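Here is a friendly walk through one protein model and the two ligands that come with it. Have a look at it yourself before reading on.

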Amino acid sequence: MTMIVTGGAGFIGSNFIFYQLKTHPEDRIVCVDKLTYAGNLSTLAPIMEHPKFRFVRLDICDREGVYALFEEEKPDIVVNFAAESHVDRSIEDPSVFLQTNVIGTSVLMDACRKYGIVRYHQVSTDEVYGDLPLDRPDLFFTETTPIHTSSPYSSSKAGADLLVQSYCRTFGLPATISRCSNNYGPYHFPEKLIPLMIINCLHDKPLPVYGEGLNVRDWLYVEDHCKAIDLVIRKGRVGEVYNIGGHNEMRNIDIVKLIVHTLGKSEDLITYVTDRKGHDLRYAIDPTKIHDELGWLPETKFADGIQKTIQWYLEHRDWWEPIISGAYMGYYERMYGNR
Ligand code: NAD
Ligand code: TYD
């Protein structure tokens, strides 16, 4: 079987490819990635020569290029991770989010219709449900919670989800969608909360906490997400949405303090900065459906996963040091300079 994995040079896509090569050694993986600022070929370096792996640098919006690749590879399964994924960048400039997240998804699905596939899987996010109030811990997102987005990022992901559902119903595309909560783990790009705080701590730089740090996210170790997607593409029902989450809600400030203490730094590094515009208060997933139908449960406890993650960043400076030089510095200055 041949599987096209888009966005495989990014955080979750690369972890997913490693998981597939380990658990399904009989399958061939073709990674399609444009290598935007968030894509790192160094992540995939150890598998570049793997006989079951091929890397293709390609924009998923490039219709001709995508069709040519499908013609050549005749994939059985397509898993779409490729996306612009950072909320703050979407507030700065929404246009590329619409281009990649919506148009790119439509190009991939058109290629699936033209060449025929067994399964198209859309990797989506819990952010399409909007947010939950902080004072209602009894509320969770289920698959039937209405779409109610807050940021250009989540709106573009929701747009893609609606398009997937329309291709499923109108054209009979055998598609599934998964909506996951916040991931953490190795190869997480330094602009996101957890790696940013670890790396800033290591440099004794201020730790910019938005607002009062009381916003809540439901954190899941990345490998648990990869296992869930693997189950959905192989055993999930066509046309269905599956929520994926760790039942692990944490306030941002508590995560930042945990990182500070683990690295033996001072809480004086914590700096409260102007809040994100439209900042979602709380995300919380009800994963009952994927548990009942596919037997999925998160396996990594946050207390273990966060230690493993911090350790990984300590041991892989060679991965993140080149990333935080150059263009990243310009981004950091723009985003945090006057906050
Ligand atoms: P990421 O930003 O780390 O990686 C995205 C990858 O997509 C990069 O390698 C980038 O080069 C590639 N890419 C971007 N535009 C492209 C294009 N036009 N054509 C081809 N490749 C392109 O993102 P991530 O955190 O790994 O997220 C992967 C997917 O999972 C996204 O769809 C995201 O919406 C979803 N998701 C992420 C989280 C999370 O916590 N990170 C949670 C739920 C869902
Ligand atoms: P992020 O990692 O950007 O993920 P998302 O916005 O998709 O949930 O942010 C996680 C939370 O951390 C979010 O509530 C915003 C907050 N945050 C900060 O307080 N400071 C930061 O520098 C960043 C990047 C995020």
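What follows goes through the ligands, then some aromatic rings, then a few loop residues.

A word on ground rules: this is a predicted model, where local features need pLDDT of at least 70, side-chain atom pairs count only at pLDDT 80 or more, and totals for chains, interfaces and linings use all residues. Residues are numbered from 1 along each chain as its sequence is written, chains are lettered from A and ligands numbered from 1 in the order in which they are written, and side-chain values use heavy atoms, leaving out hydrogens and water.

Let's start with ligand 1. It has 28 residues around it, and the closest are Ile 12, Asp 33, Ser 85, Tyr 153 and Lys 157. A residue makes this list if one of its heavy atoms lies within 4 Å of the ligand. By class, that shell splits into 13 nonpolar, 11 polar and 4 charged residues. Here Ala, Val, Leu, Ile, Met, Phe, Trp, Tyr, Cys and Pro count as nonpolar, Asp, Glu, Lys and Arg as charged, and the others, Gly among them, as polar.

Ligand 2 has 19 residues around it, with Glu 127, Arg 217, Arg 276, His 279 and Tyr 336 the closest. Its shell holds 9 nonpolar, 5 polar and 5 charged residues.

Both ligands have polar contacts with the protein, meaning pairs of N or O atoms within 3.5 Å; within protein, one must be able to donate a hydrogen and the other to accept it, and residues adjacent in sequence count only if both atoms are side-chain atoms. Some of them are in the table.

| Ligand atom | Protein partner | Distance |
|---|---|---|
| oxygen of ligand 1 | backbone of Gly 10 | 2.9 Å |
| oxygen of ligand 1 | side chain of Asp 33 | 2.6 Å |
| nitrogen of ligand 1 | side chain of Asp 59 | 2.9 Å |
| oxygen of ligand 2 | side chain of Asn 182 | 2.9 Å |
| oxygen of ligand 2 | side chain of Asn 252 | 2.8 Å |
| oxygen of ligand 2 | side chain of Tyr 336 | 2.7 Å |

How much of ligand 2 does the protein bury? Taken alone, ligand 2 exposes 510 Å², and the protein buries 97% of that. These accessible areas come from the Shrake-Rupley method with a 1.4 Å probe; for residues, only the protein chains shown count as cover.

Tyr 336 turns up again among the aromatics: it forms one cluster with Tyr 37, Phe 189, Tyr 210, Tyr 328, Tyr 331 and Tyr 332. Rings of Phe, Tyr and Trp (its six-membered ring) pair if their centres lie within 6.5 Å, and planes under 30 degrees apart count as stacked, over 60 as edge-to-face and the rest as tilted. The structure holds 21 such pairs. One of them is Tyr 313 with Trp 319, edge-to-face at 6.5 Å centre to centre and 75° between the planes.

Is His 86 buried or exposed? His 86 is buried, at 4% relative accessibility; buried means under 20% relative accessible area, exposed over 50%, and partly exposed in between (1.4 Å probe, protein chains only). The side chains of His 86 and Tyr 331 share a polar contact of 3.0 Å.

Lys 74 and His 247 are another story. Lys 74 has a positive phi near 45° and is exposed, at 53% relative accessible area. His 247 has a positive phi near 50° and is also exposed, at 53%.
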